Amino acid sequence: MSFDSLGLSDALLKAVSDQGYTTPTPIQLKAIPPILAGKDVLAGAQTGTGKTAGFSLPLLQRLMENVDIKLKPRKIRALVLVPTRELAAQVYESMATYGKYLPLQTQVIIGGASINTQTRLLRHGCDIVVATPGRLMDHIGQKNISLSNIEILVLDEADRMLDMGFLPEIRRIMAYLPKNRQSLLFSATMPGAIKTLAATILKLPVEVEIAKQNATADLVSECVYGIAKDNKRELLSYLIGSNNWQQVLVFVRTKHGADRLEKQLVKDGIRAASLHGDKTQGARTKALDYFKTGKVTALVATDIAARGLDIEELPHVVNYDLPQVAEDYIHRIGRTGRAGASGSALSLVCPEEAYLLEAIEKLLKRQIPRVSDTGYEPVSLKVIDAPKKNAPAKNSGKKDFRHNDKKTTPRSGRSVPKPANNNKPKKRIPARG
């Protein structure tokens with residue numbers, strides 16, 4: 001089946017053809033027709049399956065059905081909410097690409113950029129706003145934006161927005177939207193919280209499910225290197241250099257860890273950059289652009305890059321640190337093997353992370369293949385001392401302040417758990433960036 005059969009306008013079909021697209025992906029086949037029909041849609045699909053085009057193309061066509069090109073300033077008629085600045089930029093670019101032959105205007109509203117510049121652009125008017133929830137609430141609070149004319153609402157990567165704690169902002173934003181609207185919710189996973197959210201914002205939605213939950217892409221080869229923590233950096237540099245990798249996305253757990261590993265790789269002669277939430281928007285954009293254009297070989301990132309980051313034919317993903325949340329493993333390695341391309345995902349796992357590997361394999365319902373000869377002393381990845389439920393997980397960096405036996409730290413006055421015995425507590429790895 002071709003895009004011609006989906007009922008898209010000639011202008012959109014020409015834009016799609018310009019991109020070299022000939023056959024719609026499964027999510028596009030199933031989502032575009034009901035969106036064109038004006039129905040609410042709840043869509044779940046494996047990452048990298050073309051979800052952005054799945055809602056962008058019909059959204060643009062729906063707006064063209066009653067556009068008034070003479071109206072100045074233009075009223076905002078469509079709102080796309082996304083969890084991260086990088087994803088917002090990519091959705092904005094997609095809207096511009098698919099709508100290149102249409103008289104529709106899009107603006108992107110994100111944190112880390114000048115709010116005054118954004119305010120001036122909003123006052124000039126536009127048809128579509130792509131925004132992160134926090135910065136959108138800033139503009140609402142300053143009365144820089146009106147959402148009273150919204151006809152179409154899109155929540156993209158909704159599960160990630162909930163993971164990042166945006167649910168309160170989303171609920172507040174909903175209060176500013178007209179009740180008579182079309183709503184679309186796209187999510188890589190469908191946990192209970194997403195279904196609860198969907199029930200509050202969607203009306204009799206068409207449910208579209210493409211991939212089974214907790215599944216990785218079929219074309220991604222996975223393996224685990226069991227290795228001591230102190231040898232990880234040396235092994236990573238060796239793998240990049242000996243295999244002549246030209247592009248590798250490396251995931252770490254913390255912002256500090258990303259900066260530290262970037263410096264270490266540079267010392268090893270590898271062109272590297274880091275990407276995390278403490279970077280300015282300019283620095284984040286520059287690092288990503290350098291990585292996409294080949295000026296940087298290794299991009300060291302926290303889980304800020306695990307969702308929505310679209311890099312064509314990214315060949316390698318490395319989990320330098322395993323994620324604390326098992327589901328994030330799927331999203332991390334989903335940066336490779338996208339849209340039919342093949343890729344490889346390697347995980348460098350030390351004994352202290354064995355319990356995290358166990359949780360990932362339990363989620364996947366299979367064992368990830370082990371590399372038998374890593375070139376280093378073999379280590380055991382058998383879980384011996386897994387964290388107990390309702391207790392702070394080892395190396396999680398999260399403190400449980402509900403413990404009954406407490407002591408107070410002099411610097412902050414906050415209550416922290418007292419060690420269960422007199423032994424010195426093990427060093428904690430800080431929380432994810």
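In the predicted model, the crossing of helices α10 and α11 is right-handed. Helix α10 spans residues 232–242 and helix α11 residues 255–267; their axes come within 10 Å and cross at roughly 50°. The arrangement of α10 is therefore oblique to α11. The contact is formed by R233, L236 and S237 of α10, which meet L261, Q264 and L265 of α11. By residue class, this contact of α10 with α11 comprises 3 nonpolar, 2 polar and 1 charged.

A second helix pair is found between α2 (residues 26–36) and α3 (residues 51–64). Two packed helices are described by the angle between their axes and the distance between the axes. For α2 and α3 the angle is about 25° and the axes lie 9 Å apart. Helix α2 is therefore roughly parallel to α3. The crossing of α2 and α3 is right-handed. On the α2 side, the contact involves I27, Q28, A31, I32, I35 and L36, and these meet K51, A53, G54, F55, L57, P58, Q61 and R62 in α3. The residues of this contact divide into 9 nonpolar, 3 polar and 2 charged.The strands of one open sheet number 7, with parallel pairing in the order β3-β4-β2-β5-β6-β1-β7. At the edges stand β3 (106–109) and β7 (206–209), each of which pairs on one side only. From one strand to the next, the twist averages 10°. Strand β1 (residues 41–44) runs parallel to β6 and is joined to β6 by 4 bridges; within this pairing, the bridge partner of G44 is S187 in β6. Helix α9 (residues 192–201) packs on the sheet and touches β1, β5 and β6. The direction of α9 makes about 170° with that of β6.

Within this order, strand β5 is placed between β2 and β6. Strand β2 (residues 78–81) pairs with β5 in the parallel sense over 4 bridges, and L81 has L155 of β5 as its bridge partner. The pairing of β5 with β6 (residues 182–187) is likewise parallel, over 4 bridges; here I152 has Q182 of β6 as its bridge partner. In a regular strand the side chains alternate between the two faces of the sheet. In β5 (residues 152–155), I152 and V154 point one way, whereas L153 and L155 point the other way. All of these β5 residues are buried.

Strand β11 (residues 298–301) shows a corresponding division of its side chains, with A298 and V300 pointing one way and L299 and A301 the other way. These β11 residues are all buried. Strand β9 (residues 248–251) pairs with β11 in the parallel sense over 4 bridges, and V248 stands opposite A298. Strand β10 (residues 272–275) also pairs with β11 in the parallel sense over 4 bridges. In that pairing, S274 has V300 of β11 as its bridge partner.

The surroundings of helices α5 and α6 were examined next. Residue L122 lies in α5 (residues 115–124). Because its relative accessibility is 10%, L122 counts as buried; the cut-off for a buried residue is under 20%. Setting aside residues up to four places away in sequence, L122 touches I76, I109, V129, H139, N144 and I145. Among these contacts, I109 belongs to the edge strand β3 (106–109), and H139 is one of the buried residues of α6. Residues L122 and P73 are 49 residues apart in sequence, while their C-alpha atoms are 9.1 Å apart in space.

Helix α6 spans residues 133–141, and its buried residues are P133, R135, L136, M137, H139 and I140. The elements that cover these residues include the strands β2, β3 and β4 (128–131). The helices α5, α7 (158–163) and α8 (167–174) are also included in the cover of α6. After α6 comes K143, whose phi is positive, near 60°.

Conventions:
Residues are numbered from 1 along each chain as its sequence is written. This is a predicted model: local features need pLDDT of at least 70, side-chain atom pairs count only at pLDDT 80 or more; totals for chains, interfaces and linings use all residues. Side-chain values use heavy atoms; hydrogens and water are left out. Axes are lines fitted to C-alpha atoms, for helices over the stretch in contact, and angles run from 0 to 180 degrees between N-to-C directions. Helices (H or I, at least four residues) and strands (E, at least two) are DSSP runs, numbered from the N terminus. Angles under 35 degrees count as roughly parallel, over 145 as roughly antiparallel, 65 to 115 as roughly perpendicular and the rest as oblique. A crossing is left-handed if the near helix is turned anticlockwise from the far one by less than a right angle, and right-handed if clockwise. Contact means heavy atoms within 4.5 Å. Ala, Val, Leu, Ile, Met, Phe, Trp, Tyr, Cys and Pro count as nonpolar, Asp, Glu, Lys and Arg as charged, and the others, Gly among them, as polar. Buried means under 20% relative accessible area, exposed over 50%, partly exposed in between (1.4 Å probe, protein chains only). Two strands pair if DSSP finds at least two bridges between them.
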